[in-house]
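Biologist: I have a structure open and would like to learn how to read it. Where do we begin?

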Amino acid sequence: MSDETEVTPEDGEREVCMCFHVPLNKIAKYVRLHRPPLASELAHCYGAGTGCGWCIPFLTKIYDEVMAGEENPSISMSAEEYKARRAQYRKEKGLEE
Ligand code: FES
């Protein structure tokens, strides 16, 4: 049983942009390699953030952390909660699952 706040190797595999199945580690690597001037340029990373828009605040946080030198950016909620909140967001926007 793992603690929710524990950083595990699987964290990097977590999908941040669930619309385009873009995991955290790919986003962080893109920022490290390309150092785009704007977080919105993460759209060039497999389309991250260009679907429903739910992940944009999280993409921006990851972008800010990596640009500041953070080696292990993270999302401060469980994968289950993230998924549930996205479903609620999409419902409120009138988007189908
Ligand atoms: S979860 Fe990234 S655009 Fe929908």
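Modeller: Begin with its origin: this is a predicted model. Then take the overall plan.

Biologist: How many helices and strands does the protein have?

Modeller: There are three helices and two strands. Starting at the N terminus, the order is β-β-α-α-α.

Biologist: What share of the 97 residues is buried?

Modeller: Buried residues account for 21% of them. Sequence separation adds to the picture. Take contacts between residues at least 6 apart in sequence: 50% of these join residues at least 24 apart.

Biologist: Which residues have the most contacts inside the largest nonpolar core?

Modeller: The general idea comes before the case. In soluble globular proteins, nonpolar side chains tend to be buried together. Here the largest nonpolar core has 17 residues. Those with the most contacts inside it are V16, I27, L42, A48, C55, L59 and I62. Two or more residues come from each of β1, α1 and α2. The top contributor is α1, which gives five residues.

Biologist: Pick one core residue. What is L42 in contact with, leaving aside neighbours within four places in sequence?

Modeller: L42 contacts I27, Y30, A48, G49, L59 and Y63.

Biologist: Now a helix. Which residues of α2 are buried?

Modeller: They are F58, L59, I62 and Y63. Look down the helix axis: the buried residues of α2 fall within an arc of 140°, so they line one face of the helix. Those buried residues pack against β1 and α1.

Biologist: How far does α2 reach from its first C-alpha to its last?

Modeller: Compare the reach with the expected rise of 1.5 Å a residue. The 12 residues of α2 reach 16 Å, close to the 16 Å expected. After α2 comes G69, with a positive phi near 100°.

Biologist: And α3: how many of its 14 residues are buried?

Modeller: The number buried is one, so α3 lies largely in the open. Helix α3 covers residues 79-92 and reaches 20 Å, close to the 20 Å expected. G94 follows α3, and its phi is positive, near 75°.

Biologist: Which residues other than glycine have a positive phi?

Modeller: H21 is one of them, with phi near 55°. Y46 is another, with phi of about 60°. H21 sits in the loop between β1 (15-17) and β2 (22-23). Y46 belongs to the loop between α1 (24-34) and α2 (56-67).

Biologist: Why does H21 count as exposed?

Modeller: Count C-beta neighbours inside 10 Å. H21 counts as exposed because it has 12 of them. Y46 has 15 such neighbours, so it counts as partly exposed.

Biologist: Where does W54 lie?

Modeller: W54 is in the loop between α1 and α2. Apply the neighbour count again: W54 has 22 C-beta neighbours inside 10 Å, so it counts as buried.

Biologist: What does W54 touch, not counting residues up to four places away in sequence?

Modeller: W54 touches R86, Y89 and R90. For a sense of distance, set sequence beside space. W54 and R85 are 31 residues apart in sequence. In space, their C-alpha atoms are 8.9 Å apart.

Methods: Residues are numbered from 1 along each chain as its sequence is written. This is a predicted model: local features need pLDDT of at least 70, side-chain atom pairs count only at pLDDT 80 or more; totals for chains, interfaces and linings use all residues. Helices (H or I, at least four residues) and strands (E, at least two) are DSSP runs, numbered from the N terminus. A residue is buried if 20 or more other C-beta atoms lie within 10 Å of its own, exposed if 12 or fewer, and partly exposed in between; C-beta atoms are placed from the backbone. The expected span of a helix is 1.5 Å times one less than its number of residues. The arc is that of the directions from the helix axis to the C-beta atoms. Two residues are in contact if their C-beta atoms, placed from the backbone, lie within 7 Å. A nonpolar core is a set of buried Ala, Val, Leu, Ile, Met, Phe, Trp, Tyr and Cys residues joined through C-beta atoms within 7 Å.
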